[in-house]
Amino acid sequence: MIYQALYRKYRPLTFEDVIGQRHITNTLSNQIKANKIVHAYLFCGSRGTGKTSTAKIFAKAINCQNNQNGSPCGKCKTCTAMADTVNMDIVEIDAASNNRVDEIRDLREKVKFTPVNGKYKIYIIDEVHMLTDSAYNALLKTLEEPPEHIVFILATTEPHKLPATILSRCVRFDFGLVPVEELTNHLKNIFEKEKITYEEEAVKVIANAGEGSVRDTLSIADSVSAYCGNNITFQKVLEILSLNDNDIYINLANSLFDKDLGKCLEIVDTAYRNGKNMSVFAKDLSVHFRNLLVIKTCKEPNKILVLPENIFKKFSNQAEKLNNLDLMNAMKVFGNIEAELRYALSPKILIETALVSIISNNDLKKN
Ligand SMILES: [Zn+2]
């Protein structure tokens with residue numbers, strides 16, 4: 001059987017299944033029950049907090065003929081039609097990737113067509129802040145006079161980059177980071193369904209490492225279970241999460257600030273070949289830069305970082321050799337590629353480009 005990533009396998013299908021966003025899912029299911037739908041919604045929040053999953057559930061629920069407490073029933077004619085990947089009534093556009101740009105360019109023409117199966121045609125536009133100017137204009141014109149049968153769900157990790165003209169036309173929902181306790185419970189449920197045994201402490205460490213993102217937590221759980229098999233122990237989780245990885249990030253940061261690009265690319269390539277998820281890799285690397293900065297600037301850094309003594313020592317040794325500006329620059333560059341990583345066809349190239357940019361930026365500063 002082909003292995004299916006946990007995040008895909010356990011994608012929520014009803015509002016009740018969405019983790020940690022009760023304030024939003026309650027409001028949305030109430031709108032469905034009361035049949036009070038507006039034409040444009042804006043879902044904001046960090047990656048992996050459930051924006052797209054919620055958008056998909058909402059899109060189905062709007063058209064469902066027999067909604068169950070506001071969620072799609074999954075059985076009626078429209079629900080079945082919508083579950084089909086080629087359905088015409090839910091149009092998903094990733095503004096961060098270029099392959100659907102034409103879709104939005106002729107949006108104004110397309111929205112005139114009525115839905116095929118349900119009452120509404122729903123456009124889900126992910127990472128909407130990355131649209132081109134011409135696409136924004138098309139979207140804005142449509143938002144000003146939306147046809148009766150059209151609903152837009154715009155999602156973004158960076159709402160501050162959206163023009164006020166778009167913001168003012170949307171009902172906005174802010175997705176918060178998912179609390180560790182909820183991630184822990186979610187993981188335990190999944191492990192039980194997967195017949196994987198676990199130590200309490202091990203699950204907590206994984207949930208912590210996910211940092212509020214369901215997607216990241218489950219990607220980490222994927223690599224942990226690939227390493228541990230059906231018995232997840234605290235010791236093994238630490239091995240895979242910190243010990244091995246910390247050395248990688250320490251080496252990478254050393255090569256980076258030594259401006260040894262060749263060595264940097266080699267380290268990334270090795271991690272890639274060892275099956276490391278490149279989005280998680282990029283995030284872990286920014287966390288490493290942040291840890292070093294905390295060590296350099298805070299009085300009692302390990303009160304904030306809570307690292308095992310031997311690892312804290314390793315980090316402190318490295319931090320001593322670096323300067324704050326270089327670290328801040330590196331954090332900034334990796335912060336900027338965070339949204340793009342999700343849709344990048346090759347996240348590895350994005351990481352490599354970021355490393356090149358950090359090295360050349362440091363050069364410019366010094367020349
Ligand atoms: Zn239905």
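Here a student and a tutor talk through a predicted model of one protein chain.

Student: What makes this chain as compact as a globular protein of its length?

Tutor: Start with what it's built from: 19 helices and seven strands. Its radius of gyration is 22 Å, and the globule rule gives 21 Å for 367 residues; those values are close, so the chain counts as being as compact as a globular protein of that length. If you'd like a box to picture, the C-alpha atoms fill one of roughly 65 × 55 × 40 Å along the principal axes.

Student: How many of the residues are buried?

Tutor: Buried residues make up 37% of the 367. And if you take the contacts between residues at least 6 apart in sequence, 75% of them join residues at least 24 apart.

Student: Why is V151 called buried?

Tutor: Just count its neighbours. The cut-off for buried is 20 or more other C-beta atoms within 10 Å. V151 has 21 other C-beta atoms within 10 Å, so it gets the label buried.

Student: Where does V151 sit, and which residues does it touch?

Tutor: V151 belongs to strand β4. Leaving out residues up to four places away in sequence, V151 touches I37, H39, I62, Y120 and I122. There's also Y123: V151 and Y123 are 28 residues apart in sequence, but their C-alpha atoms are 6.3 Å apart in space.

Student: What is the strand order in the open sheet of five strands?

Tutor: The order is β2-β3-β4-β1-β5, and the pairing is parallel.

Student: What makes β2 and β5 the edge strands?

Tutor: Each of them pairs on one side only, and that goes for β2 (90-94) as well as β5 (171-175). On average, neighbouring strands of the sheet are turned by 15 degrees against each other, direction ignored.

Student: How do you know that β1 and β5 pair?

Tutor: Count the bridges again. Two strands pair if there are at least two bridges between them. Strand β1 (residues 40-45) is joined to β5 by five bridges, so the two pair, and they run parallel. As an example of who faces whom, G45 stands opposite F175 in β5.

Student: What joins β3 to β2 and to β4?

Tutor: Five bridges join β2 to β3, and these strands run parallel. Another set of five bridges joins β3 to strand β4 (residues 150-156), again running parallel. Follow I125 in β3 to see both sides: I93 stands opposite I125, and in β4 the bridge partner of I125 is L154.

Student: What makes β3 a mostly covered strand?

Tutor: In strand β3 (residues 121-126), six of its six residues are buried. Both faces are covered: K121, Y123 and I125 are buried on one side, and I122, I124 and D126 on the other.

Student: Now the helices. How do you know that the buried residues of α2 line one face?

Tutor: The buried ones in α2 are I24, T25, L28, S29 and I32. Looking down the axis of α2, they fall within an arc of 120 degrees, so they line one face of the helix. The face turned away from the buried side carries the exposed residues R22, H23 and A34. What covers the buried residues of α2 includes α3 (51-63) and β5.

Student: Why can residues three or four places apart point the same way?

Tutor: An α-helix has 3.6 residues a turn, so residues with that spacing point the same way.

Student: What comes after α2?

Tutor: N35 follows α2, and its phi is positive, near 55 degrees.

Student: What makes the buried residues of α17 a single face?

Tutor: In α17, L327, A330 and F334 are buried. Seen down the axis of α17, these buried residues fall within an arc of 65 degrees, so they line one face of the helix. N324, L325 and N336 are exposed on the face turned away from that buried side.

Student: How do you know that the span of α14 is close to the expected one?

Tutor: Helix α14 (residues 278-297) has 20 residues, and the expected span at 1.5 Å a residue is 28 Å. From its first C-alpha to its last, α14 reaches 29 Å, close to that value. Its buried residues include F281, L285, F289 and L292.

Conventions. Residues numbered from 1 in each chain as written. Predicted model: local features only at pLDDT ≥ 70, side-chain atom pairs only at ≥ 80, totals over all residues. Buried ≥ 20, exposed ≤ 12 C-beta atoms within 10 Å, placed from the backbone. Helix = DSSP H or I, 4+ residues; strand = E, 2+ residues; numbered from the N terminus. Arc of directions from axis to C-beta. Rg over C-alpha atoms; globule rule 2.2 N^0.38 Å. Contact = placed C-beta atoms within 7 Å. Axes fitted to C-alpha atoms, helices over the stretch in contact; angles between N-to-C directions. Expected span 1.5 Å × (residues − 1).
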